[in-house]
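Open the model in your viewer and keep the selection tool at hand. The tour goes stop by stop.

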Amino acid sequence: MRLDKFLVACGIGSRTEVKLLLKKKTVRVNDSIVTSGKTQVDETADTISYQGQVLGYEQFVYYMLNKPSGVISATEDKAHKTVLDLLDDTAKKKQVFPVGRLDRDTTGLLLMTNNGALAHAMLSPKKHVDKVYEAQIAGLMTPEDVEAFEAGIVLEDFTCQPAKLAIITSDSKKETCLVHITIREGKFHQVKRMVASRGKTVVQLKRLTMGPLKLDDKLALGAYRRLTEKELEALAAFDVLL
Ligand code: URA
């Protein structure tokens, strides 16, 4: 395979970043410095190193899971099925874990990886990673609620950062609505608590996006796939892929 493709797959950076790193003579194949990404390598036989560190092929792996309800966002649990139980043997061997948590009854986008630096960056408040949730609500959210979300909802233990509430559909007869809520933090039960503070209840919650990643609508509940090269590039451009 091409050396640049190998380096992107190892999580070293985007294709553009990898090109620069190669120019800076930071990559060796066997004992020679290689500066062209077009160089063909045999990832099973060649020793490829970056800044003196030998790279295992697929040192890091990245999965997008459409988390179903009833499954715990953890890697082990005595009583319940975990999100790791849904993934393949490679994920288990490579000690993949979920990047952040979704409640047991929350569905949707969950990124799983063994790249601790990426997980740390995605969850860091400094990186401002927006998460968009779709929520089915019992009760009608109002323009006043939109303003309150924008101002920062005050909860018992902390004040939320300004959040976006978009009312998608409203059924005044049934007194229900469907909303999209964008938050940057990820405190315990945050969305449910923000909605409850306005006197309404979240009855279903699904995460649609996390930073540059969007839930693939071809993934059924419980299904997963590896991130594509394009998605890895998007994470690198977002400055969270280290
Ligand atoms: N907010 C919640 O209340 N629950 C989740 O699972 C995620 C965000």
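Select residues 1–59. In this predicted model, helix makes up 27% of that stretch and strand 17%. The C-alpha atoms at its two ends lie 16 Å apart. An unreviewed UniProt entry places the feature "domain: RNA-binding S4" on these residues.

Now show the whole chain. Colour by secondary structure: 7 helices and 13 strands appear. The C-alpha atoms fill a box of roughly 70 × 40 × 35 Å along the principal axes. Of the 242 residues, 45% count as buried. The exposed area is about 12,800 Å², with 51% of it from carbon and sulfur atoms. Among contacts with a separation of 6 or more, 65% join residues 24 or more positions apart.

Next, select helix H7, residues 229–237. Which of its residues are buried? They are Glu 231, Leu 232, Leu 235 and Ala 236. Look down the axis of H7: the buried residues fall within an arc of 145°, so they line one face of the helix. Turn to the other side, where Lys 230 and Ala 237 are exposed.

What do the buried residues of H7 pack against? Select helix H2 (15–23) and helix H4 (116–123). Then add strands S5 (62–67), S12 (213–214) and S13 (224–226). Step just past H7 to Asp 239, which takes a positive phi of about 70°.

Last stop: Phe 158 and Lys 187. The charged end of Lys 187 sits over the ring of Phe 158, 4.8 Å from the ring centre. As for aromatic pairs, a search of the whole structure finds 1.

Definitions and conventions
Residues numbered from 1 in each chain as written. Predicted model: local features only at pLDDT ≥ 70, side-chain atom pairs only at ≥ 80, totals over all residues. Heavy atoms only, no water. UniProt positions renumbered as here; feature names shortened; annotations may be inferred. Helix = DSSP H or I, 4+ residues; strand = E, 2+ residues; numbered from the N terminus. Phe/Tyr/Trp six-rings, centres within 6.5 Å; stacked < 30°, edge-to-face > 60°. Lys NZ or Arg CZ within 6 Å of the ring centre and 35° of its normal. Buried < 20%, exposed > 50% of the residue type's maximum accessible area, 1.4 Å probe, protein only. Contact = heavy atoms within 4.5 Å. Areas by Shrake-Rupley, 256 points an atom, 1.4 Å probe, with all protein chains shown as cover. Arc of directions from axis to C-beta.
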